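Dear colleague,

I am handing over the structure below, followed by my notes on what was found in it. Please read the notes with the structure open beside you.

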Amino acid sequence: MAGKADVNLEPKDSSSQASEGGAVIDSFMQHDVEETRIREGRIAIANFLRKSTCYDIIPESSKVAVFDQSIPLRLAYYALVELDAEVHKVSGAAASRGDAHAVPVWDPLRQCLAGIITVLDILHVLKYGHKTDSIKEIMDEHSIASWWSLVAQLRRNPALVTSLAQANVPAVQAAALQAKDQSQNYKQYADSEEERAISLGADSTLYEACMMLQTNRIRWIPMIDKDSHTCLGVLTHLEVLRYLVSEFREERQLFNQPIKSLGIGTFAFNGAKIVSARADTLLCDVIDLLIENHVSCVPIVDSSDKPITIYSPSNITTPTAKSSIDMCMTLPVSYFLNISGSGEDSGSSDSDATPTNNVHHSNTDTEWTAQLFTCSCDESLQDIFVKFAETQVHRLVSVDANGSIDGIVSLSDLLFYFLEQQDE
């Protein structure tokens, strides 16, 4: 009979047996209550997103930057840097600057949206341009459209990749390398021409918007007014969170479960590989880690493997503030994050902070300094919501009781948790 092996053969009186039996029943009932609460919470958020539209998150007064597809890549990069600095000044040091890291691109001939250029485009130019010593050539001699077109043609024609990879044209060789990697890892890339053309009607629901972000594995999506065909803004996970925090109201306590029990986040104890780097790691190697491991950030750790900050694609707008983008790849990542290049932390008073502290390391000497915000896998879903809302960042680094990294929790992990199909 099932369960026989667990039976305790010691004699028990009837009152003891009744007490233990009641405890088992209470445990099952409590589990059912928790499961019901989890389900109700997910349904409540999903229904809220279904009732809200993209128009709801668009400010009444705002400006939207749009690039002409014919501008050189270097000019596009400098424009991203300027937009980044402008948003940073308005938002403050702790706020996310992700809004300035993706800009819609306009095709003047067809009078339509050609796509969206993001910091990931710049990362790929640096990665493959560095391998072929052609960063300057690509940035100066290619427009947004010509570079997109070259990589797209090479990706569609593998035979042409093999042929042109042997050509003595560094920029073409770089494009061939990028096209080859995209062909081999198509689903991992969000900058193919098909995905680049994805946009969203501003009257679409936020649930539909989040589903598009998840299904297409993208981080940004332009919102288009269907009547005027104009771009009203770029939707990210952060905009959805801001709206959710400000408008969603729920009196029931539905989000008290720890995130590790809900499957939210990427954790080493679940078998995931958590990529990290030391402060003296070259920028080119950190960018390789980002792209080749398909991760959204690389935590920078000290000699004790404790995190001191992170490097993410958004940090690629930093080099021109401190060094030429053409020469930045052979410098240590610490140079762009204002931390010690020795792999030790900077001696900040926060270096011994407990995992419950938000900021593990911060240096205010430069406006470009990245901040690290941490959490614990034992924190509740409610606590994680609050941390994302307060910090306005796209990811939290999970640390254990010793302050070592045990996982990453991204804003997309949090929102996608509510998108799974629910039986209503």
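Strands β2 (102-107) and β3 (112-118) pair in the antiparallel sense over 6 bridges, where two strands are said to pair if DSSP finds at least two bridges between them, and where helices (H or I, at least four residues) and strands (E, at least two) are DSSP runs numbered from the N terminus. This is a predicted model, in which local features need pLDDT of at least 70 and side-chain atom pairs count only at pLDDT 80 or more, while totals for chains, interfaces and linings use all residues. Residues are numbered from 1 along each chain as its sequence is written, and side-chain values use heavy atoms, with hydrogens and water left out.

To stay with β2 for a moment, 5 of its 6 residues are buried, so that the strand is mostly covered; buried here means under 20% relative accessible area, exposed means over 50%, and partly exposed lies in between, with a 1.4 Å probe and protein chains only. On the other side of the pairing, strand β1 (residues 67-68) is joined to β2 by 2 bridges, and these two strands run parallel. Val105 of β2 has Phe67 standing opposite, and in β3 the bridge partner of Val105 is Gly115.

The hairpin of β2 and β3 has 4 residues between the strands, and Gln111, which lies in that loop, has a positive phi of about 55° although it is not a glycine. Gln111 is exposed, with a relative accessible area of 52%. A second glutamine, Gln392, also has a positive phi, of about 60°, without being a glycine; Gln392 is placed in the loop between α15 (381-391) and β13 (395-399), and with a relative accessible area of 18% it is buried.

The next group of strands is centred on β5 (residues 221-224), both faces of which are covered, with Ile221 and Met223 buried on one side and Pro222 and Ile224 buried on the other. Strand β4 (residues 200-201) is joined to β5 by 2 bridges, the two running parallel, and the bridge partner of Leu200 in β5 is Met223. Together with helix α9 (residues 206-215), β4 and β5 make a right-handed β-α-β unit; a crossover is called right-handed if, with the strands pointing away from the viewer, the path from the first strand over the helix to the second runs clockwise. Strand β6 (residues 231-235) pairs with β5 in the antiparallel sense over 4 bridges, and Pro222 stands opposite Val234 in β6. In the hairpin that β5 and β6 form, with 6 residues between the strands, His229 takes a positive phi near 60°.

Turning to the aromatic side chains, the structure holds 7 aromatic pairs, the criterion being that rings of Phe, Tyr and Trp (its six-membered ring) have centres within 6.5 Å, with planes under 30 degrees apart counted as stacked, over 60 as edge-to-face and the rest as tilted. Among them are Phe48 and Tyr243, whose ring centres are 5.7 Å apart and whose planes are at 25°, so the pair is stacked. Because Phe48 lies in helix α1 (residues 14-51) and Tyr243 in helix α10 (residues 237-247), the pair ties together parts that are 195 residues apart in sequence. Both Phe48 and Tyr243 are buried. Phe267 and Phe269 are likewise stacked, since their ring centres are 5.0 Å apart and their planes are at 10°, yet Phe267 is buried at a relative accessible area of 2%, whereas Phe269 is partly exposed at 44%. One aromatic cluster is formed by Phe48, Tyr243 and Phe248.

Two charged side chains also sit over rings, a charge being counted if NZ of Lys or CZ of Arg is within 6 Å of the ring centre and within 35 degrees of the ring normal. The charged end of Arg50 is over the ring of Tyr207, 4.1 Å from its centre, and Lys127 lies over the face of Tyr128, at 5.4 Å from the ring centre.

For the chain as a whole, there are 16 helices and 14 strands, and 50% of the 424 residues count as buried. Of the contacts (heavy atoms within 4.5 Å) with a separation of 6 or more, 66% are between residues 24 or more positions apart.

With best regards
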